[in-house]
Amino acid sequence: MGIIFHEKEKQFHLFNSQLSYCMGVCPDGELGQLYFGRKINENQKITYTQTKGVRPLCCNLKEDENYTKELSMLEYPAFGNGDFRTPAYEIKQKNGSRVTNLIYKSHSIYNGKKPLNGLPASYTNTDDEATTLEILCVDEVAKVEVTLFYTVWEKYPVICRHASIKNAGDEEVVLTKALSLCLDLPDVEYNWMQFEGTWGRERYPVERSLSNGTTQIESMRGHSSANYNPFVIVKRKNTDEFMGEAIGLNFVYSGNFVAQSEADTYGKLRILMGINPRWFEWPLAKGESFETPEVIISYSNSGLNALSQSIHGFMNNNIVRGKYKNTPRPILLNNWEATEMDFDEEKILKIAKKGKEAGVELFVLDDGWFGKRNDDYAGLGDWFVNTKKLPEGVKGLAKKVNDLGLKFGIWIEPEMVNEDSDLYRAHPDWVLAAPDRVRSLGRHQMVLDFSKKEVVDNIFDQLYVVFADANISYIKWDMNRSITECYSQGAAAGVQGMVYHRYILGVYSLYERLIKAFPDILFESCASGGSRFDAGILYYAPQAWCSDDTDAHERIKIQYGTSYGYPLSMVGAHVSASPNLQTGRAIAIGDRANIACFGTFGYELDLNEISEADFVEVKEQIKFMKEYRELLQYGDLYRLESPFEKNISAWMVVSKDKSTALVAVYKNLKSPNEGIVRIRLKGLDPDAVYTVDEKKELYGDILMEGGIQVPDGDKEWFFADGDFTSRMYILKKNVTK
Ligand code: GLA
């Protein structure tokens, strides 16, 4: 790994064993992109990717008639001086001009990586893990300095980028766009993969071929959203799971975003990612800076699965922080689907007690424990216990749950307020609301104005009291509506374009303060399920509730899609009651567990209500999970058969030392006299013998090349009645004597 500057040619080469990222100073002084892809010789000076020669209608500088920005690949392009593609930033100057031109000025290279101010970001555990390049570019007229940051990592094929924009002049300038990166590529032979959906069906992978023009996904909801995840893949058209080139872009941010690609009519591709410029206006007074969030660029030339594995490793090691980093997660029992808000202490303790009997480790009390919260019309904002339900407070209940031998956690939704709450009655001006307009509701609630420090302070103070008083090990931090009427009451007109971003900064600051005050608490993020599932939130909450859709069949698709951009350790997945609350579909308890175990695992039902036979199975499931959770949460994941393509889907996890693997096969619909499916495994040691399900002994190579056959003389699977069944195979490498 390293960063080389070829002084004479003014070229930078960032590399590790798997990738190279090359840039150079263009003839007019702007920073240009030269090459990004598989590792090339770091002594290579690159000339061919910057096209020379001006075509008709292209514009050029008087000083160099042979060079035009329009045909160049640029690192942080402006609009207004010859490049007609979408710019990475825009600055409105006092005289009304938006023309800018950033010229390379200087750079520095150092070991390690600096933190971003108030923003989540990747970090180094030791300085030798990464090298950072800072490039200072200046617009002499607008007196704006832009620093572009690039960090290349030793262990992962990953480059992290962000930018910082400073007003170095005397007059105010206004940023109307400040994306985190532009990545120009020299051809357009790529497909675009996005991860889309809505409530209950988040992150379905959708692929399309890029043709001329722009392709864009975005969020303007104030959170990253279930509709479009801030993670995209740009891949070669023939790239599949196990071969071909792919580039991943994870935005380390939880608010409004845009991810865009623009194929131009000269055959080049521009990729952009950053904070959504719609409704964004950030004034910079003399000396002030704006720092963009970070983008993680990952690279693979051996398929999508390898790309995902790099992202998983990188996030587990360089994004997740705190006590639960690389640590198996507690098996929990959550009361939401069992009781919703209709509970008292006795009911809760009865559920918790049965959980303990089954072997769970953590009990989570969901929504409804605070204020006047008996339905979703009241209570949000009042973070003090409802003593009608819990006479001895959260503290008393936590103690009783602890006495059962379980850890205790609670649900909060700190960014919201109900009209019927003490907080709203006292501070109606603390919600986001535009003057003289309706205050749109979502789930009967309004969004607190987290761009205001006093609001965040108030919520912190309230939560601090609850968290400090009771023995709380876990917090489920929910967020159940999108932002509308985004206006900060009482704030000046000129700062209203800052509110969306300031809101997210407020969320991050509350997380940071709570994490600092309570470092042992495990935070789980949630937003009506998976509506704020992004690399930014992962920096604070090491796991996130994947979806409110707990139907196991649906979950295969959701979790499969999620796995492209996020590690299994992040995926909140629980076994819930059957028939399922969201779909009415009945699935056997074993099959429900076979999907939930590819995640943090837990139960979302009243175990008192299930049959004795199911309860016996639950105990076995928990035993199984305790034995294999490290593998299931941190092993190498291989996606084998996609649930979006076939009736049978499959994936597997392999331990880092290849000694143990778990293979899960899921079948959707049963048909009579069905055909035989062969599933070729991955990631095993080809020369080792594996015992499969304590029965067969097979070499890793035959398991990978020949595969396992479903059904394989396996009566149970073959004759199993009904739909939505599954099968888990346990593979253990034989110890050589
Ligand atoms: C959201 C969450 C659920 C549950 C409810 C409680 O919908 O996604 O898991 O916590 O809120 O109101």
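Q: How many disulfides does a search of the whole structure find?
A: Zero. A disulfide would be a pair of cysteine sulfur atoms within 2.5 Å. One thing to keep in mind is that this is a predicted model, where local features need pLDDT of at least 70 and side-chain atom pairs count only at pLDDT 80 or more, while totals for chains, interfaces and linings use all residues. Residues are numbered from 1 along each chain as its sequence is written, and side-chain values use heavy atoms, with hydrogens and water left out.

Q: Why is there no bond from C137 to the closest cysteine sulfur?
A: That closest sulfur sits in C26, 10 Å away, so it's too far for a bond.

Q: What makes C137 count as buried?
A: Buried means under 20% relative accessible area, with exposed over 50% and partly exposed in between (1.4 Å probe, protein chains only). C137 comes in at 2%, so it counts as buried. C486 is buried too, with a relative accessible area of 2%.

Q: Which residues touch the most other members of the largest nonpolar core?
A: W369 and F467, out of 201 residues. A nonpolar core here is a set of buried Ala, Val, Leu, Ile, Met, Phe, Trp, Tyr and Cys residues joined through side-chain atoms within 4.5 Å. Helix α7 (residues 499-517) supplies the largest share of this core, ten residues. Helices are DSSP runs of H or I, at least four residues, and strands are runs of E, at least two, numbered from the N terminus.

Q: Which residues does F467 touch, not counting those up to four places away in sequence?
A: I410, I412, I472, I475, L514, F518 and I521. Contact means heavy atoms within 4.5 Å. Apart from the largest core lies another one, of 21 residues, including Y638 and V710.

Q: How many cavities of 30 Å³ or more does the structure hold?
A: Six. A cavity is a set of points, on a 1 Å grid over the protein atoms alone, where a 1.4 Å probe fits but cannot get out; lining residues have an atom within 4 Å of a point. The largest cavity has about 80 Å³ of space, where a volume is the space filled by probe spheres set on the points, joined across faces, edges and corners.

Q: Which element gives the most to the lining of the largest cavity?
A: α9, with three residues. Among the lining residues are A552, H553 and I556.

Methods:
1 Å grid on protein atoms, 1.4 Å probe; cavity = no way out; pocket = protein on both sides within 12 Å on 5 of 7 lines; lining within 4 Å.
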